[in-house]
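Grab a coffee and open the structure viewer. Try each exercise yourself before you read the worked solution.

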Amino acid sequence: MDIKGFLSGLAAQGGTGGTHPVTKPDFTLSYENKDITGDIAPYLISFVYTDYLEGQSDELQVEFEDVDGRWLRGWYPEQGDALALSLGDQFTGLVDLGSFEIAEIEYNHPPSTVSLKALSAGITKASRTLKGRAYENTTLAEIVRQVAGHLKLQPAGQVKDIKIKRVTQYQERDIEFLSRLAKEYGHTFKVVGNKLVFADNVRLKEREAVVILSPEDMTRIRLRDLIKGVPTQVEMRGYDPKTKKTVSATRKTKSLRPKSKRGHTGDTLKIVPNKGESQTQLNARADAALADAQDDQCAGNITLFGNALLVAGQTVRLKDMGKFSGKYLVKQARHEYRRSSGYTTELEIKMIEYIDDEEQQDAANA
């Protein structure tokens with residue numbers, strides 16, 4: 001199904017639809033739970049909403065013109081006040097993008113403009129406290145649940161069943177600790193509102209593509225392929241003084257592309273295990289390290305007409321792109337409206353599966 005079919009299909013389900021690009025989206029902007037859309041409309045220059053898959057809070061940036069100085073006086077916002085944005089169009093309907101706390105106010109002249117930068121709400125003061133704690137004979141899911149409780153957040157997402165013999169929080173903030181665990185054990189992690197989202201990367205990659213895009217469906221394409229230096233094997237080997245035994249784990253994976261004619265099979269990444277890890281932990285960390293090393297083998301950015309339904313964590317498929325054809329995971333979605341140029345969506349993507357267009361066509365004709 002191409003992008004037009006995707007849009008039409010969603011329209012039939014009460015979502016988005018239509019085949020014409022949307023240059024001006026529908027939106028509502030609230031300040032401290034009060035709808036200010038009508039009040040700010042004459043002054044609005046742009047807004048940018050960035051949805052990250054992991055590693056940092058989602059962001060909202062709004063820019064206003066301030067020719068009469070009202071934003072420096074009566075309308076001057078306070079840091080920590082809440083903004084809320086819903087975004088869509090006549091096809092998608094409004095999509096609630098959540099609440100954001102104002103973190104930065106910037107004034108520029110000439111011309112006189114005021115920009116507000118706000119971060120997704122949910123990070124509490126407790127999350128910024130350095131802590132040291134050891135977790136023993138437990139599971140990754142239980143650690144996530146406990147830390148979520150410390151932060152007064154609701155755990156969400158699917159966590160892989162990994163038994164943890166021992167893992168230590170080394171005077172780290174809870175957020176930093178969870179980010180490290182997510183990276184080491186093949187998960188993504190972020191805080192969205194009052195939810196602590198911890199998701200298995202394998203499950204994310206298994207999702208069906210929400211849209212299939214050809215070159216003509218995109219206004220800008222920038223993709224890169226790392227030909228050399230991408231590991232296809234990980235080796236973990238060390239000595240456990242407690243058991244007086246050698247511990248090891250080896251993981252191999254196929255390259256995204258078929259083996260080259262020159263027979264290059266990729267590099268080997270070598271990692272030293274931590275003390276006190278179980279074999280299950282070693283295997284999980286080896287899998288995650290290999291996936292992380294290949295994270296940017298084939299990746300880049302694409303831009304298309306604005307669609308509020310495209311978000312981080314989804315998968316999209318690119319076709320008619322030769323060796324760049326395949327299924328991609330959306331790592332970041334940037335929704336931007338500018339009064340001068342309209343509404344666009346830019347996706348940062350990475351390939352998770354190469355799909356040969358010719359083989360697909362041959363299979364369809366068989």
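Below are six exercises, each with a stepwise solution.

This is a predicted model, so to speak: local features need pLDDT of at least 70, side-chain atom pairs count only at pLDDT 80 or more, and totals for chains, interfaces and linings use all residues. Residues are numbered from 1 along each chain as its sequence is written, and side-chain values use heavy atoms, with hydrogens and water left out.

**Exercise 1. Find the cis peptide bonds around Pro110 and say where Pro110 and Pro111 sit.**

Step 1: Look at the bond that joins His109 and Pro110; this bond is cis, with omega about -10°.
Step 2: Move on to the bond from Pro110 to Pro111, which is cis too, with omega near -15°.
Step 3: Place the residues. Pro110 lies in the loop between β6 (95-108) and β7 (113-120), and Pro111 is in the loop between β6 and β7 as well. Strands here are DSSP runs of E, at least two residues, and helices are runs of H or I, at least four, numbered from the N terminus.

**Exercise 2. Check the backbone of Asn137 and Asp320: what is the sign of phi?**

Step 1: Asn137 is not a glycine, yet its phi is positive, about 50°.
Step 2: Asn137 belongs to strand β8 (residues 130-139), and at 68% relative accessibility Asn137 counts as exposed. The cut-offs: buried is under 20% relative accessible area, exposed is over 50%, and partly exposed is in between (1.4 Å probe, protein chains only).
Step 3: Asp320 also has a positive phi without being a glycine, about 60°. Asp320 lies in the loop between β19 (315-318) and β20 (326-338).

**Exercise 3. Compare the expected span of helix α6 with the span in the model.**

Step 1: Get the rule: the expected span is 1.5 Å times one less than the number of residues.
Step 2: Apply it. Helix α6 (residues 279-293) has 15 residues and should span 21 Å; its end C-alpha atoms are 21 Å apart, which agrees.
Step 3: List what is tucked away. The buried residues of α6 are Gln281, Leu282, Ala284, Arg285, Ala286, Ala288, Ala289 and Leu290.
Step 4: Keep the helix geometry in mind: an α-helix has 3.6 residues a turn, so residues three or four places apart point the same way.

**Exercise 4. How many aromatic pairs are there, and how are the rings of Tyr135 and Phe177 arranged?**

Step 1: Set the rule. Rings of Phe, Tyr and Trp (its six-membered ring) pair if their centres lie within 6.5 Å; planes under 30 degrees apart are stacked, over 60 edge-to-face, and the rest tilted.
Step 2: By this rule there are eight aromatic pairs.
Step 3: For Tyr135 and Phe177 the centres are 5.7 Å apart and the planes are at 10°, so the pair is stacked.
Step 4: Tyr135 sits in strand β8 and Phe177 in helix α4 (residues 174-184), so the pair ties together parts that are 42 residues apart in sequence. Both Tyr135 and Phe177 are buried.
Step 5: Look at the aromatic cluster made of Tyr43, Phe64, Trp71 and Trp75. The charged end of Arg70 sits over the ring of Trp75, 4.9 Å from its centre; that calls for CZ of Arg (or NZ of Lys) within 6 Å of the ring centre and within 35 degrees of the ring normal.

**Exercise 5. Describe the largest pocket: what is its volume, and which element gives the most to its lining?**

Step 1: The volume is about 810 Å³.
Step 2: The lining has 35 residues, with Asn201, Lys205, Ala291, Asp292 and Lys350 nearest the centre. A pocket is defined on a 1 Å grid over the protein atoms alone, as an open set of points where a 1.4 Å probe fits, with protein on both sides within 12 Å along at least five of seven lines; lining residues have an atom within 4 Å of a point. The volume is the space filled by probe spheres set on the points, which are joined across faces, edges and corners.
Step 3: Helix α6 gives the most to this lining, with six residues.
Step 4: Sort the lining by class: twelve nonpolar, eight polar and 15 charged residues. Nonpolar covers Ala, Val, Leu, Ile, Met, Phe, Trp, Tyr, Cys and Pro, charged covers Asp, Glu, Lys and Arg, and the others, Gly among them, are polar.

**Exercise 6. Is Leu29 buried or exposed, and how far is its C-alpha from that of Ala84?**

Step 1: Leu29 is in strand β1 (residues 26-31), and with a relative accessible area of 4% Leu29 is buried.
Step 2: Leu29 and Ala84 are 55 residues apart in sequence and 5.7 Å apart in space, C-alpha to C-alpha.
Step 3: Try Ser325 in the same manner. Ser325 is in the loop between β19 and β20 and is buried at 0% relative accessibility; its C-alpha is 6.2 Å from that of Tyr354, 29 residues apart in sequence.
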